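Okay, everyone, let me put this one up on the screen. I'll talk through the packing and the strands, and you can follow along on the model.

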Amino acid sequence: MSRPTLKPVVTHRGRGFTLLELLVAILIFALLMTLSISSVRIAGQSLVAGVTGADATEEMRTVSDFLRRQMASLPPLVTGEGRDRRIALRADSKSLSFVAPAPQYSYGPGLIVYELTAERIDGLEYLTLSYAPYDPGTPEWQEQPPGARRIISRGFEGVTFDYFGSEMKRDPPAWKSDWRDDAELFPSAVRIRTRPSDMADGWPDLVYVLRTAGRS
């Protein structure tokens, strides 16, 4: 009787990762992490840009509404007599001074001297607003003491003022960058233009119609 032949039992051990496979896995993981971080960064930048844009729009709306109310209520104030007669307005391409009723939340009843200026600060131009109570006893309304100064806009590459109307009664109306100190008439409209900078987009042209249009 022959004995059964015994066959060797072969055991299969688990196959491990090679160094190359491990390096590929690490590379794929690093790539996925980079894409995830980039997505988060882009989302954060979009959020900041959206908030900044909303803030800029609200800033422009607030400034525009305030100036529209004040210029619409501008009284036809004239000072001096004879050759010294002047309208209570001084205007050039970088500043505008005028007299208007005081907001009730600030000085209460009365008139205020406002000075709106394109002021250059650290290489950019900002809209600044100064104001003080109007003193009718002062011989020249432009000589009112300076009041509180406020920066009311972000910085732009440039800010300019233009004026539409007739300076003298016989002049045809036109846009001008300066208004004569001895003008007989108030301008019909004021336009504020801004040029964008690296820090801020420009505003749309702000145009205000004056109630005193054509009056002296």
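So, W203: it counts as buried, because its relative accessibility is 7% and the cut-off is under 20%. And keep in mind that this is a predicted model. What does W203 pair with? Its ring partner is F156, and the two are edge-to-face, 5.3 Å centre to centre with 75 degrees between the planes. F156 sits in the loop between β7 and β8, while W203 sits in the loop between β10 and β11, so this pair ties together parts that are 47 residues apart in sequence. F156 is buried too, at 0% relative accessibility.

Now stay around W203 and look at L127, which is in contact with it. L127 belongs to strand β6, residues 124-133. It comes out at 0% relative accessibility, so that's another buried residue. If you skip the neighbours within four places in sequence, the contacts of L127 include L116, T117, I151, V159 and F161. With T117, the C-alpha to C-alpha distance is 5.7 Å, and the two are ten residues apart in sequence.

V159 came up in that list of contacts, and it takes us to the sheet. V159 stands opposite T194 in β10. β8 and β10 pair in the antiparallel sense, over seven bridges. Which strands make up the sheet, and in what order? It's an open sheet of four, running β9-β8-β10-β11, with antiparallel pairing. β9 and β11 are at the edges with a single partner strand each, so each of them has one side without a neighbour in the sheet. From one strand to the next, the twist averages 20 degrees.

While we're on side chains, check out R191: it lies over the face of W175, 4.0 Å from the ring centre.

Okay, back to rings. A search of the whole structure turns up five aromatic pairs. One of them is F66 with Y114, edge-to-face again, at 6.0 Å centre to centre and 75 degrees between the planes. Here F66 is in helix α1 and Y114 is in strand β5, so the pair ties together parts 48 residues apart in sequence. Buried or exposed? F66 is buried, with a relative accessible area of 15%, and Y114 is buried as well, at 3%. Ring pairs also link these two with F98 and Y131 into a cluster.

Let's zoom out to the nonpolar cores. The largest one has 33 residues, and the members that touch the most others are L89, L96, F98, L116 and I192. Elements that each supply at least two residues include α1, β5, β6, β8 and β10. Which of them gives the largest share? That's α1, with five residues. There's also a second, separate core of five residues, and among its members are A88, V99, V113 and Y134.

Last stop, I87. It's in strand β2, residues 86-87, and with 2% relative accessibility it counts as buried. Its C-alpha is 6.9 Å from that of E184, and those two residues are 97 apart along the chain.

That's my tour. If you want one place to start looking yourselves, try the edge-to-face pair of F156 and W203, then step across to L127, which is in contact with W203.

Notes:
Residues are numbered from 1 along each chain as its sequence is written. This is a predicted model: local features need pLDDT of at least 70, side-chain atom pairs count only at pLDDT 80 or more; totals for chains, interfaces and linings use all residues. Side-chain values use heavy atoms; hydrogens and water are left out. Buried means under 20% relative accessible area, exposed over 50%, partly exposed in between (1.4 Å probe, protein chains only). Contact means heavy atoms within 4.5 Å. A nonpolar core is a set of buried Ala, Val, Leu, Ile, Met, Phe, Trp, Tyr and Cys residues joined through side-chain atoms within 4.5 Å. Rings of Phe, Tyr and Trp (its six-membered ring) pair if their centres lie within 6.5 Å; planes under 30 degrees apart count as stacked, over 60 as edge-to-face and the rest as tilted. A charge sits over a ring if NZ of Lys or CZ of Arg is within 6 Å of the ring centre and within 35 degrees of the ring normal. Two strands pair if DSSP finds at least two bridges between them. Axes are lines fitted to C-alpha atoms, for helices over the stretch in contact, and angles run from 0 to 180 degrees between N-to-C directions.
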